[in-house]
Amino acid sequence: MIIDCHGHYTTAPAAHSDWREAQLAAWEAGEAPPPYPVISDDEIRESIEANQLRLIRERGADVTIFSPRASAMGHHLGDLGTSEAWTAACNDLIARVVDLFPGTFIGVAQLPQAAGEGLDAAIRELDRRVAEGFVGVNLNPDPSGGHWTSPPLTDRYWYPIYERMVEHDVPAMIHVSASANPAFHATGAHYMNADTTAFMQLLQGDLFADFPTLRLVIPHGGGAVPYHWGRYRGLADMLKKPALDSHVMGNVFFDTCVYHQPGIDLLTDVIPAENILFGSEMVGAVRGIDPTTGHYFDDTLRYVETAALSAEDREAILSGNAMRVYPRLAAALSRQSARS
């Protein structure tokens, strides 16, 4: 089995994103938003079958851990109330995709967040979606959208959501949304900055002493971290922290959303196989064909299969680690198999 840990509903029906624009316009005008539109099952099927499902079948994956479009989470837009309503609509769509395509898609939830606000709404949404069968959440470390006004991930501000994640035994993917700062391109700069920043925050703190079973996935291959692994090992030593393998790597995992063979080769050479989860982020940030290979940039399965890995390590990356990091996944797949 091949499990893609990083899929987003980037092809949701247009009525969904149109409503978001109307919702935000109403908020700006101080008016109530319009009712959420009726989106049929056929519209959802069409949006998935022509895109993610087609590519899954063409490229050979089996299961995608699926969440709302990250760049559209937009926690910096509107207020916490608009984020709650938008989050509910997004997660409801994911639940419908999971129901329409059992055994192929497994839900991960967006959370309502707003800079300067508490996490009670996020905890309520986490509780609700876990009860529906979702196996994890996406947690935005920068709901300001590129201005970084929230405290570090090791700050006690975040502890209530971590406590509930541990209680439910679900991980979080640390994933920012769009950038409101023109200095940072969303997917080319803000995403990479956030991945690298999140890892450094975890290195500087002692979060996992308080939450030894908490699991966090840093996407996009860990940003700059694998490339500068010696720097982070050295910084841990300078900061009088334990070695990285005991300080953070029992709880932190990277995905394979790295879009060329040398990048995957470096990732799998530097980072232990038990800390890597297969991911593609398709259809996502990079959708074109690499002119040097003739293959899609985000066909990351091709890179993992070519990397110099033992059969055991390749199996762990392609499925075993996901089953371990997302322990609710096995039960979710079993329930879906019984229904299909």
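## Strands β1, β2 and β3

Strand β1 (residues 3-9) and strand β2 run parallel and are joined by five bridges. This description rests on a predicted model. Within the pairing of β1 with β2, I3 stands opposite V63. On the β3 side, β2 is joined to strand β3 (residues 105-107) by three bridges, and these two strands also run parallel. Here F66 is placed opposite G107 of β3.

How many residues of β1 are buried? Seven of the seven are, so β1 is largely enclosed by the rest of the structure. Strand β2 (residues 63-68) is mostly covered, with six of its six residues buried.

## The five-stranded sheet

An open sheet contains five strands in the order β4-β5-β6-β7-β8, and their pairing is parallel. Which strands stand at the edges? They are β4 (137-139) and β8 (276-277); each has a single partner strand, so one side of each is left without a neighbour in the sheet.

Strand β5 (residues 172-174) pairs with strand β6 (residues 216-218) in the parallel sense, over two bridges. In this pairing, M173 has V217 of β6 as its bridge partner.

## Helices α2 and α4

The axes of α2 and α4 come within 10 Å and cross at roughly 80°. An angle between 65 and 115 degrees counts as roughly perpendicular, and α2 and α4 are therefore roughly perpendicular to each other. The contact brings D41, I44, R45 and I48 of α2 against L93, R96, V97 and L100 of α4.

Two of the residues in this contact, D41 and R96, also form a salt bridge, in which the closest N and O atoms are 2.8 Å apart. R96 belongs to helix α4 (residues 80-100) and D41 to helix α2 (residues 41-49), so the pair ties together parts that are 55 residues apart in sequence. Is this pair buried or exposed? R96 is partly exposed, at a relative accessible area of 27%, and D41 is likewise partly exposed, with 34% relative accessibility.

## Helices α5 and α6

For α5 and helix α6 (residues 159-168), the axes come within 10 Å and the crossing angle is roughly 15°. Angles under 35 degrees count as roughly parallel, and α5 and α6 are therefore roughly parallel to each other. Their crossing is right-handed.

Which residues form the contact between these helices? From α5 come A122, I123, L126, D127 and V130, and they meet P160, I161, R164, M165 and H168 of α6.

## Salt bridges around α5

The whole structure contains 17 salt bridges. One of them joins the side chains of R129 and D92, with an N to O distance of 2.8 Å. This pair links distant parts of the chain, since R129 lies in helix α5 (residues 120-131) and D92 in helix α4, 37 residues apart. The two partners differ in their surroundings: R129 is buried, with a relative accessible area of 1%, whereas D92 is partly exposed, at 32% relative accessibility.

A further salt bridge forms between the side chains of E132 and R128, at 3.8 Å from N to O. E132 is partly exposed, with a relative accessible area of 43%, and R128 is partly exposed as well, at 35% relative accessibility. Which residues are joined into one network by salt bridges that share partners? The members are D92, E125, R128, R129 and E132.

## Summary of the arrangement

Helix α4 takes part in two of the links described above. Its residue R96 forms a salt bridge with D41 of α2, and its residue D92 is paired with R129 of α5. Helix α5 in turn meets α6 through residues including L126 and V130. Among the strands, β2 is joined to β1 by five bridges and to β3 by three, while β5 and β6 are paired within the open sheet of five strands.

Note on methods: Residues are numbered from 1 along each chain as its sequence is written. This is a predicted model: local features need pLDDT of at least 70, side-chain atom pairs count only at pLDDT 80 or more; totals for chains, interfaces and linings use all residues. Side-chain values use heavy atoms; hydrogens and water are left out. A salt bridge is a side-chain nitrogen of Lys or Arg within 4 Å of a carboxyl oxygen of Asp or Glu. Helices (H or I, at least four residues) and strands (E, at least two) are DSSP runs, numbered from the N terminus. Buried means under 20% relative accessible area, exposed over 50%, partly exposed in between (1.4 Å probe, protein chains only). Two strands pair if DSSP finds at least two bridges between them. Axes are lines fitted to C-alpha atoms, for helices over the stretch in contact, and angles run from 0 to 180 degrees between N-to-C directions. Angles under 35 degrees count as roughly parallel, over 145 as roughly antiparallel, 65 to 115 as roughly perpendicular and the rest as oblique. A crossing is left-handed if the near helix is turned anticlockwise from the far one by less than a right angle, and right-handed if clockwise. Contact means heavy atoms within 4.5 Å.
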